[in-house]
Amino acid sequence: MEIEIARLGGDVEKGIESSGAYLIWEDVTVVLPKFGGGKGPTKRLLNGLSGYAEPGRIMAIMGPSGSGKSTLLDTLAGRLSANLVMTGNILLNGKKRRLDHGFVAYVTQEDILMGTLTVRETIQYSAQLRLPSNMSKDEVNEIVNNVIIEMGLEDCAHNLIGNWHLRGISGGEKKRLSIALEIITQPQLLFLDEPTSGLDSASAYFVVQVLKNIACGGRTIICSIHQPSSEVFALFDDLFLLSSGETIYFGEAKLAVEFFGDSGFACPTRRNPADHFLRCINSDFDDVTATLIGSRRINDMKESSSSLIYLPTSECRVRLIQNYKYSSHKLRTKARVRQLANIKDIVFKESGGSQASWLTQLCTLIKRSLKNMSRDFGYYWLRIIVYIILSISVGTVFYDVGTGHNAVIARGACGGFISGFMTFMSIGGFPSFIEEMKIFEKERKSGHYGVGVFILSNFISSFPFLVFMSMSSAAITYSLVKFHPGFFHFLYAAIVLLSSITVVESCMMVVACFVPNFTMGLVVGAGILGIMMASAGFFRLMPDLPKVFWRYPISYVNYMAWGLQGAYKNDLIGLEFDPVMPGEQMKKMKGEEIISSVLGFSWFGLGTSMLEVSSLKSLASESKMFAFWVELVTPGLPSVGYLSYVICELLYRAGVLPCAHPKDSGCRFPLS
């Protein structure tokens, strides 16, 4: 065998460039331990695969569904799932190296793009996220223009990509755009997962032709492909044919027809070679064929060994595997792998992913998110319209609620609806969060940016919409219902609503991270908000909640409990309501008494408002203003609100901060 390999060495001696990416893999095996829910046996996904990929060539990994194409591609790209175990050697330029972002690019099968942006904007933002920050604007624009020209996207450069309500570009243009985003940084090694999936033959040919041109520039391209047309198949330089994780053939694509002919499965003259190969090795329909033959539904049955439709493909597959193991193609592969494993002095450009500064990434993501949110009607604009309509409805239902005895219940019901049900509507942003998380996951895997900059940019870009939503809703309800008059009361109510909506938005973002499924995410999000509503103190007063779990700790971390109590105190403190029985002898009920006796809120406990400590009648006092602004953050940050209360109470006890309550107000620290 060694003599035979040495004899074939002359056939595989090819020039090795001084730069580029030479990738080899030897005896690679991938298994799934305890397949079938942790109870079944270990499943072997790939079995002892060996091969190589060279600069200037495009290699196709082909095989039927479930043959291991995507698994092999993920293994070579270093993206194998954590639950899979790999053995074998994968060498890049003769050494084991981590495939850094920038040197290696990966194009997924699904085109994950932001549909509200144009083609040029998408490439422009991607370039700004990854290219060095010290590059001038003209240099970045030149790179963007070159990529657009290289991928043939000039005609659609200013067209929107498209989403559910915006007409966009074609599927072939989306695929070329996905490739364009990955070649901005000029990667030496490019992986593509089924780049022609879902495209017609003409679009598929153009996409592969573009990849061929990229490969001619000295880059190494590896792609998985399902069933290419004959024209597309002719563009491939090398072919890796798989079936159930086994190697059927590896070598030059143009020699595959010869290999099948030597194995007894010659390809007919007018048949697509790719169709012929898959027909020989796809054993999924052997049982169906046998059933049709047995039921005599196939009447033209011929007893001929050359009629592949009647020969079980499992037998064809076994014969092809054995023939390849002892073929000259296998020997050439071994010799070339051995040669490439020993190469040295190859120029290897180290890259650590994005070269843009953190501030540049933040500014770029903010601009991109603002443009996406403003153009996507369903992201915020639709919710703003619904909020305004609902605010008008609530305002007219509770119009001019007044200060009668029944107004106490009406004010409480209105406050509960605003704090509970209106904030609950923010769950409608979950579909947009799902799409945004897909883009984030894809770009984070490619090393575009980190988690922190994404979270901060998303909050900053969404904040103007949340402010407009909260202010408009609060202005409508406050003016129609005629809550406690005063600008600072209105401002407090608006910020409480803003804080609550912000918390719900954040909760749904967290749910989108753990539950990426649309239906399940809505169910989980609604369940979480339902628990918050049940323990907020509206349906059952806070003192009556069971102390175990519901009161401690749920009510203390419940944003709705803090927001609802803050809204009640902001509205009721300082007001007087008519008694139950009208008459001169009956004393009017004060808002402070209603809070403690009717609503059951303690003066210094969960949800304590600094507005209690400082009377709204003396808003001009310094202590009053300090307490007011501290309480603004309480609905969104329960722990901060409680800590503020503790600090303020200590200051009151020490006499550093005087209280503005009169002596007969019932306050434990009255104004002396």
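The paragraphs below lead through a predicted model, taking a sheet, a helix and the enclosed cavities in turn.

The sheet is open and consists of three strands in the order S2-S1-S4, with antiparallel pairing. Strand S2 (43-53) and strand S4 (85-92) are its edge strands, since each of them pairs on one side only, and from one strand to the next the twist averages 10°. Between strand S1, which covers residues 23-32, and S4, the antiparallel pairing runs over seven bridges; a reader who wishes to locate this pairing in the coordinates can start from Val-31, whose bridge partner in S4 is Val-85.

Helix H12 offers a simple check on geometry. It comprises 14 residues (328-341), which at 1.5 Å a residue should span 20 Å, and because its end C-alpha atoms are 20 Å apart, the expected and computed values agree. The 1.5 Å rise is multiplied by one less than the number of residues, which is why 14 residues lead to that expected span. Counting as buried those residues with under 20% relative accessible area, the buried residues of H12 are His-329, Lys-330, Leu-331, Thr-333, Ala-335, Arg-336, Val-337, Gln-339 and Leu-340. In reading such a list, one may recall that an α-helix has 3.6 residues a turn, so residues three or four places apart point the same way.

The remaining topic is enclosed space. Rolling a probe the size of a water molecule over the atoms shows where empty space is left, and a search of the whole structure finds five cavities of 30 Å³ or more. The largest cavity has a volume of about 270 Å³ and is lined by 20 residues, with Gly-415, Ile-418, Phe-483, Ala-493 and Ala-567 lying nearest its centre. Helices H15 (407-424), H17 (451-481), H18 (487-514) and H21 (559-572) each supply at least two residues of this lining, and H15 gives the most, with six residues. By class, the lining of the largest cavity divides into twelve nonpolar, six polar and two charged residues.

The second largest cavity has a volume of about 100 Å³. Helix H3 (119-130) and helix H16 (430-445) each supply at least two residues of its lining, which is made up of Ile-112, Leu-113, Met-114, Leu-117, Thr-122, Tyr-125, Ser-126, Leu-181, Arg-368, Ile-439, Lys-442 and Glu-443. In the lining of this second largest cavity, seven residues are nonpolar, two are polar and three are charged.

Conventions
Residues are numbered from 1 along each chain as its sequence is written. This is a predicted model: local features need pLDDT of at least 70, side-chain atom pairs count only at pLDDT 80 or more; totals for chains, interfaces and linings use all residues. Side-chain values use heavy atoms; hydrogens and water are left out. Helices (H or I, at least four residues) and strands (E, at least two) are DSSP runs, numbered from the N terminus. Buried means under 20% relative accessible area, exposed over 50%, partly exposed in between (1.4 Å probe, protein chains only). On a 1 Å grid over the protein atoms alone, a cavity is a set of points where a 1.4 Å probe fits but cannot get out, and a pocket is an open set with protein on both sides within 12 Å along at least five of seven lines; lining residues have an atom within 4 Å of a point. Grid points are joined across faces, edges and corners, and a volume is the space filled by probe spheres set on the points. Ala, Val, Leu, Ile, Met, Phe, Trp, Tyr, Cys and Pro count as nonpolar, Asp, Glu, Lys and Arg as charged, and the others, Gly among them, as polar. Two strands pair if DSSP finds at least two bridges between them. Axes are lines fitted to C-alpha atoms, for helices over the stretch in contact, and angles run from 0 to 180 degrees between N-to-C directions.
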